[in-house]
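Colleague: I have a few minutes before my next run. Can you put the model up and walk me through it?

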Amino acid sequence: MQTSFTLAQLADPDVAESEKILRACVHCGFCTATCPTYVLDGNELDSPRGRIYLIKDMLENDRPATAEVTLHIDRCLSCLACMTTCPSGVHYMHLVDHARAHIERTYDRPLGDRLLRTMLARLMPYPQRFRLALGAAVIGKPFAALAEAIGLKRLAAMLRLAPWHPPHQPPVPRTYAAVGPGRKGRVALLAGCVNDLLAPQINAAAIRVLTRLGIEVVVAEGAGCCGSLVHHMGREDEALAQARANIDAWTAVDNLDAIVITTSGCGTTVKDYGFMLRTDRAYAERARKVAALAKDISEYLATLPLPAEHSAPGLVVAYHSACSLQHGQRITRQPKDLLVKLGFAVKDVPDGHLCCGSAGTYNILQPDIARRLRERKVGTIERLRPDVIAAGNIGCMTQIAAGTKLPAVHTVELIDWATGGPCPSALLEHRQRWSMHPSAAAG
Ligand code: SF4
Ligand code: SF4
């Protein structure tokens, strides 16, 4: 694609990077076929190619974002399916990140939109604050249908996604010793922000599996939200501050073999720290090192000998490949290989390249599209008639679980169970319900 940025514009490293990305696009449109928003509605402006044109026009003319550009960029899930499909290697992720930051700087959103975004940005990355908000949401949850009926769709979406139980406590930084003689490795585990409040069993399972395999696990003091929640809202300064805090926390820990992450959306962002902080002299080098150490839990476990201590549970697992894992990190094989090796019967979900509609805060900010994507995803999963759904991302688990009676668990919970840990709680509860009310088990 031809571009016409001036030399003065190209002096800005973000513009220079976007120009490079734009020039790589050859307008072929292959990406449209795998873009969830285009697949749903067939609107070119809600396809990657359409968005690329909108971004090019906005950046080239150095214009403030318009309501139209904002609408179509806001509808983008950042699922990155377009990057997997693109034959020209267009780095859409960095382009849309730049566009979002430009929108945040130059577009005056309607008051309600602004308030909701500010609330999400001020609450979700901070476990103590978010815990209080979740506590309130548990009380309000029964009124989700009422909120929907009076047109408060985003509030209804938030209430539906909130758990029925009170949130758990954020994790305390500490070191978990390797089990058995001789330490075989040492890793930091990203405790994150939302993950441990909603589903502490995920990191607990990861810690059990890792320590059982002789790996010492450190939850570092000062590490917190990876920054992706605000990064995807275009709030760059906040995202970079959160990235720097994590880099400080992890580089203070000696002898790390890896930084292990159980939420693939966070993993994609941490792996991008080197790019995000490339112009920050104080952090660029350390950011690159941290990004190189970052590993998804399945990616790291695939490098270790994983003996099955139990006979194969033999359950049919519908493996939902989170977009951030398959498109963002290009990790597709390892989670399934690990499950198969441990005796699970793994089924791929048809149209697995399409997002479930979770996408960070997307299912709150764009509830209609998110619901349609969930219904589509749940339909394809239920037709497989699995015993359990496995995914590598809490966002997908919550989104999918809100639309089905099937239990949704993290892949590492199944790995833990098959190697000597407890049965995943969602599966156990489902089985207990099923034994009492067989009809409840029907997908
Ligand atoms: S990131 Fe996903 S939703 Fe956005 S343009 Fe690419 S394929 Fe479409
Ligand atoms: S597939 Fe790649 S090159 Fe083709 S239109 Fe999409 S982004 Fe551009």
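Modeller: We can take the ligand sites, then a sheet, then one contact between separate stretches of chain. Keep in mind that this is a predicted model.

Colleague: Ligands, then. How many residues surround ligand 2, and which are the closest?

Modeller: Ligand 2 has 13 residues around it. The closest are Cys25, Cys28, Gly29, Cys31 and Cys86.

Colleague: What classes of residue make up the shell around ligand 2?

Modeller: Nine are nonpolar, three are polar and one is charged. Cysteine counts as nonpolar in that tally, and glycine as polar.

Colleague: What can you say about the space taken by ligand 2?

Modeller: That space is the largest cavity.

Colleague: And where does ligand 1 sit?

Modeller: In the second largest cavity. Two elements give two or more residues to the shell around ligand 1: helix H4, residues 48-60, and helix H6, residues 81-85.

Colleague: Which residues are around ligand 1?

Modeller: The cysteines are Cys35, Cys76, Cys79 and Cys82. Pro36, Pro48, Arg51, Leu77, Ser78, Leu80, Ala81 and Tyr92 complete the list.

Colleague: How does the shell around ligand 1 split by class?

Modeller: Ten nonpolar, one polar and one charged.

Colleague: New topic, the sheet. In what order do the four strands come, and is the pairing parallel or antiparallel?

Modeller: The order is E7-E6-E8-E9, in an open sheet with parallel pairing. Strand E7 (345-348) and strand E9 (408-410) are the edges, and each pairs on one side only. From one strand to the next, the twist averages 35°.

Colleague: What holds strands together in general?

Modeller: Backbone hydrogen bonds pair the strands of a sheet.

Colleague: How many bridges join E6 to E8?

Modeller: Four, between residues 316-320 of strand E6 and residues 388-391 of strand E8. Tyrosine 319, for one, has alanine 390 in E8 as its bridge partner.

Colleague: Which strands does helix H25 lie across?

Modeller: E6, E8 and E9. Helix H25 covers residues 411-418 and runs at about 75° to E9.

Colleague: Last one. Which helix is valine 138 in?

Modeller: Helix H9, residues 127-140.

Colleague: What does valine 138 touch, not counting residues up to four places away in sequence?

Modeller: Pro163, Trp164, His165 and Pro166. Valine 138 and proline 163 are 25 residues apart in sequence, but their C-alpha atoms are 6.5 Å apart in space.

How values were computed:
Residues numbered from 1 in each chain as written. Chains lettered and ligands numbered in written order. Predicted model: local features only at pLDDT ≥ 70, side-chain atom pairs only at ≥ 80, totals over all residues. Heavy atoms only, no water. Near = heavy atom within 4 Å. 1 Å grid on protein atoms, 1.4 Å probe; cavity = no way out; pocket = protein on both sides within 12 Å on 5 of 7 lines; lining within 4 Å. Sits in = over half its atoms within 2 Å of the grid points. Pairing = 2+ DSSP bridges. Axes fitted to C-alpha atoms, helices over the stretch in contact; angles between N-to-C directions. Contact = heavy atoms within 4.5 Å.
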